Structures are given as structure tokens and as C-alpha cells.
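Me: Got a minute to go through this one with me? I'd like to start with how the chains meet and then look at a sheet.

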2 protein chains.
Amino acid sequence: MKPLPLLRNQEVLEQPANQETLTRRYTDEALKFISDHRDRPFLLYLAHTFPHVPLYASSENRGRSRRGLYGDVVEEIDRSTGEILAALRSAGLERRTLVMFTSDNGPWLIKNQDGGSAGLLREGKGSTYEGGMRVPGIFWWPGRIQPAVRIGLTGTLDILPTLAALADAKAPADRSLDGIDISPLLLEGQSLPDRPFFYYRESDLYAVRKGPWKAHLITQPGYGDKNPIRHDPPQLYNLEQDPSERFDLSAQQREVVADLLREVERHRSSFKPAVSLLDATIAAPTTN
Amino acid sequence: MKPLPLLRNQEVLEQPANQETLTRRYTDEALKFISDHRDRPFLLYLAHTFPHVPLYASSENRGRSRRGLYGDVVEEIDRSTGEILAALRSAGLERRTLVMFTSDNGPWLIKNQDGGSAGLLREGKGSTYEGGMRVPGIFWWPGRIQPAVRIGLTGTLDILPTLAALADAKAPADRSLDGIDISPLLLEGQSLPDRPFFYYRESDLYAVRKGPWKAHLITQPGYGDKNPIRHDPPQLYNLEQDPSERFDLSAQQREVVADLLREVERHRSSFKPAVSLLDATIAAPTTN
């Protein structure tokens, strides 16, 4: 395997990348970007490498937390986030900047102590049980978003319609979007409209949620056993009363199961699969 | 089985007890006790029946939480606690009253949705894994205890020495106490002295903890399988890096295991079992 390079656009900065420096360097780039763009609207997307395994913390942050290397890494990301919020404040941008903090999946359980924890949620990364799918969602916008815990079923599919609405921009109209504008929840604490949520693994629909109810059509551990298990009737859990998905209620709640299966049919009949960007022929990017 | 009576001292108030009223009635008794004793020092021990199974919430509180009956019950206890704190404030006692809120064990897992959850901790009530042993510890004393999260290894064995120290009273000197005065942690955030912690199931020593390390000599699920499993070498977990007790490090950390086993020997050689109060002949209580 070739050693991993660190790139800026198409240029290799170093190879192998010194991963202990990544959180610091990404943060410095973000701070510079904010400073360079303070006079006009901008979108900054900062995708940290960590806490993806293999974990690296800077020498300055290593050995500081009680939770071992994983804790050191998380604390370093927390410090990075604090520096970014401070930079927005000192640039006078905090009242016209929405900051979102989230993740793409739950803990990578087979990585043991380095993989994190989903707390009371079942399973982890790669699985469509809640431990694989539920992630933090933190929104910061002084003066517009009140400090509060909001309860609502939302996900990263909602980011595009939400940002478009807040920026008074038009979302693309040549396709139907799966997400909705959640700014009424963020800004005013309004309830989100009821809607079913669909859980995919690659291109297969594994589960559906509506309100507190979640039905699993197929389950499979995140890693390890490669064989998906099809459930007929689907497993049924009440996520409010049983957030750990321990007690299958499909035999007692046949009408709920039937309703969720109707949602699946509606979804399937309305759904046009697109070619994955990974499978499409992509024009070579131009170097800057 | 005879229906459960509700007693005041030796007097049966009703049989069967109407359990939906218990949290309300216990709270009212506590409020009256505070009001009756506001002019002199007092100890109020309020041991709620719930969230022990079977669960009952008052009609006023039933169906209000998102977590089902268990959530309703917990919310009713939370309201009860709020009423007691408010009563202390309105009696002008809050600056000379220490309030402690804790529990006796983790969740009763075989009771499914009614049994609660230990979050990321392993196992539950009846087990000496952390899910059975770790409980909330909340201390309230306006003006003396600052709002803060304090980290220290402590348990209900420490309550007697702590209350004795704070009340300037002498703890009993005719026996050696297993607990220590933790008021330096509560009042000033000082670290507690390092000390080993011993986990018993009935009269058998199952586990020992020192700092982040916990060794299990014997394990047994809280309920179900009745056969204790003896471990030689003991299972060894680092509770700071692995709070869920998933990764046995006994093979890699032989010196830590040896140190913990020396603590067990020291403990056993210093320990004189007492007759259980349940086995002793107890004088019949006098009625008041």
C-alpha cells in the first residue's frame, strides 16, 4: 500500500502525511479561510480526518484525556471547534454565520477502545440500527438560535434545503430532494412535519421509521458477518420507549407494521435511483 | 400472596396499598416533616418505592413522557424532588441543608422497558459489572457546593463519615468504617485519596477497583444464570478507556493484576465479617 499523501487540491504537500498534525493544520486552514472571506458570504466545509481510525493526536494533546487516545482526539477536535467559534466572534461574523457540527455515522465498534461508543444505542457504524445511524447535531448562531435541546427527526439530507432557505437561494428544481427545510425547528423550536425516514445500506432499503416506530426489513451487523437477514414480518421497535432496539413488538403491533410497509411501498414507487457518482464517469478535475 | 399493605410505623393505613398514590404521599410526608422540623437540625431519609418494578405513576403524571410508564415515573420523582428543594428554600433552610440524591443499584434489565437503562455500562442490577453498581450521585447545598461535575470514586459507604464530619459529630469508634469523609470533594473539589474499592455479591467478593483498573474475580449475570464464573487470572478492565468493560487486558497487564490481587489479600486479612442484620435476632420494635 502506498503511503497516504496530504494534498492541497491536486498538489501533494507531503507523503506520507504526518497525521499527528492534521487537526491542527485543518484548523489553521479554516481560520485563514474565515479571515480571508470575512467581507463576503462563504461556505466553509471542514471535514476532520479524526476520530476516524487510525487515530492521531498532536503531541500537545496526547495523553491529556482520561479516555485514552480516543479522548485526546475528541478533545483536540473540541478545541479546534472552539478556536473557529472564537475566530467568528472576533471577526464580528457570529450573528450572521450558522455553524453546524455533525458526523456521518456512529462508532466503529470493531476498533475497540479506538472506535468510540454509541451509548445505549444498538450496534454501530455500518449497521442500520440506531447506533450506526444516529449522530450529534449541534447548531450555533448567536441571536438566531436559542441555546436549547430540540427534539426532531432530521438528518444530513435536510442540510441543503435548510441552507437554501436561510440564504434565500433556490434549491435545485431539476430533481426531487429527500430533505426539508428545518429552520423552523432551529430558529423557533417548531415541530417538524411528520414524515417517514428511510435507512439504506448501499442501495438496499433496510429500515423505515415514522414517529417513534421503526421497522427493520433487513438487518446486518456493521462489520463481520456479511449475510443480511431478511425479516418477515419486519422487526418493530418503539424508539422512544426502547431506544436500544431490544424488544421486537411486530407481533403485538400488526397495524403499525402494516402502516410502515405502506410507507415503504409509497417510497419505492416514487423513487428513481440515480447513478452513483462513484460509478459515473467523472471529468478529470482541472488543477487550479 | 397477601396484598401489600401501606404502613405508618406499625400501623396499616391501607391494604392493598394504592401504589399510584405513593410518590405523591411520600412527597407530602416529606414536605410536612420539613415544615414541622424547620426550627432544629433534622435528617430526612426519603426512600421512594419507584422506579422499582412494578411501576405506578399518578393519573396526573401518567402518559406525559416520551419514555412510556418508566419515563412518567421518573418525571414524577423529579417533580417530587423539585417540590422538596422549593420547600427548603421557602423555609429559608437551603443554606444549611445538604440534599443528596442517589440510588441503590443499576437498572433491572429483565423487566424490559420498565427496567431502565445503564447506558453504555455493562449489565445491570444484581451484577458487579458497572451497570449494576454505578448510580447517580447528586449533592445540593446552595452557597457551599458549587454547581459542577466532580470526578471521584465514592459510594454510599461514604455517607456516614461525610455527614458525621459535616455535622461535627463523631462517627462510631467501636468498629472500623469502610467509608471516608468526601466533603473535601463536595465543598472544594479536592481529589479523593486513592483507595481500592471492593464489589460484593452477598458475602462473596466479586471484584476490586483501584484507579481506572477493575479486576473481576467472579462474574455472574444479575438475573437468570445462577452459576458464578470464577476467573483465574481475573478479568481486567480499564474503566476510563473502556467504561463498558468490553476488553479484558489481564494478559497484557499482569503487574496491574498482581497489584489488585495484593489489595484483595490486604482487604481479606483486615476484614471481620459481621452478622447480617437480617440473620441477627432483632428486638421487636416498639410501636409509637
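**Interface and sheet**

Reply: Sure. In this predicted model, chain B and chain A bury about 1,700 Å² between them, with carbon and sulfur atoms giving 51% of that area.

Me: Which three residues of chain B supply more of the area buried against chain A than any other three?

Reply: Arg66(B), Gln113(B) and Gln241(B), which supply 34% of what chain B buries there.

Me: And how many residues are in contact?

Reply: 17 residues of chain B touch 17 residues of chain A.

Me: How many salt bridges between chain B and chain A?

Reply: The count is 2. Arg66(A) and Glu240(B) join their side chains in a salt bridge, at 2.7 Å from N to O.

Me: What's the mix of residues on the side of chain B that touches chain A?

Reply: There are 6 nonpolar, 6 polar and 5 charged residues on that side.

Me: OK, switching to the sheet in chain A. What's the strand order?

Reply: It goes 5-6-7-8, an open sheet of 4 strands with antiparallel pairing.

Me: Why is one side of strand 5 and of strand 8 left without a neighbour in the sheet?

Reply: Because strand 5 (197–201) and strand 8 (229–238) of chain A stand at the edges, and each has a single partner strand.

Me: How many bridges join strand 5 to strand 6 in chain A?

Reply: 5, and the two strands run antiparallel. Tyr199(A), for one, has Ala207(A) in strand 6 as its bridge partner.

Me: Which strands does helix 6 of chain A touch?

Reply: Helix 6 (residues 254–270) packs on the sheet and touches strands 5, 6, 7 and 8 of chain A. Its direction makes about 125 degrees with that of strand 6.

Technical notes:
Residues are numbered from 1 along each chain as its sequence is written. Chains are lettered from A and ligands numbered from 1 in the order in which they are written. This is a predicted model: local features need pLDDT of at least 70, side-chain atom pairs count only at pLDDT 80 or more; totals for chains, interfaces and linings use all residues. Side-chain values use heavy atoms; hydrogens and water are left out. Contact means heavy atoms within 4.5 Å. Buried area is the accessible area (1.4 Å probe) that two parts lose on being put together, summed over both. A salt bridge is a side-chain nitrogen of Lys or Arg within 4 Å of a carboxyl oxygen of Asp or Glu. Ala, Val, Leu, Ile, Met, Phe, Trp, Tyr, Cys and Pro count as nonpolar, Asp, Glu, Lys and Arg as charged, and the others, Gly among them, as polar. Two strands pair if DSSP finds at least two bridges between them. Axes are lines fitted to C-alpha atoms, for helices over the stretch in contact, and angles run from 0 to 180 degrees between N-to-C directions.
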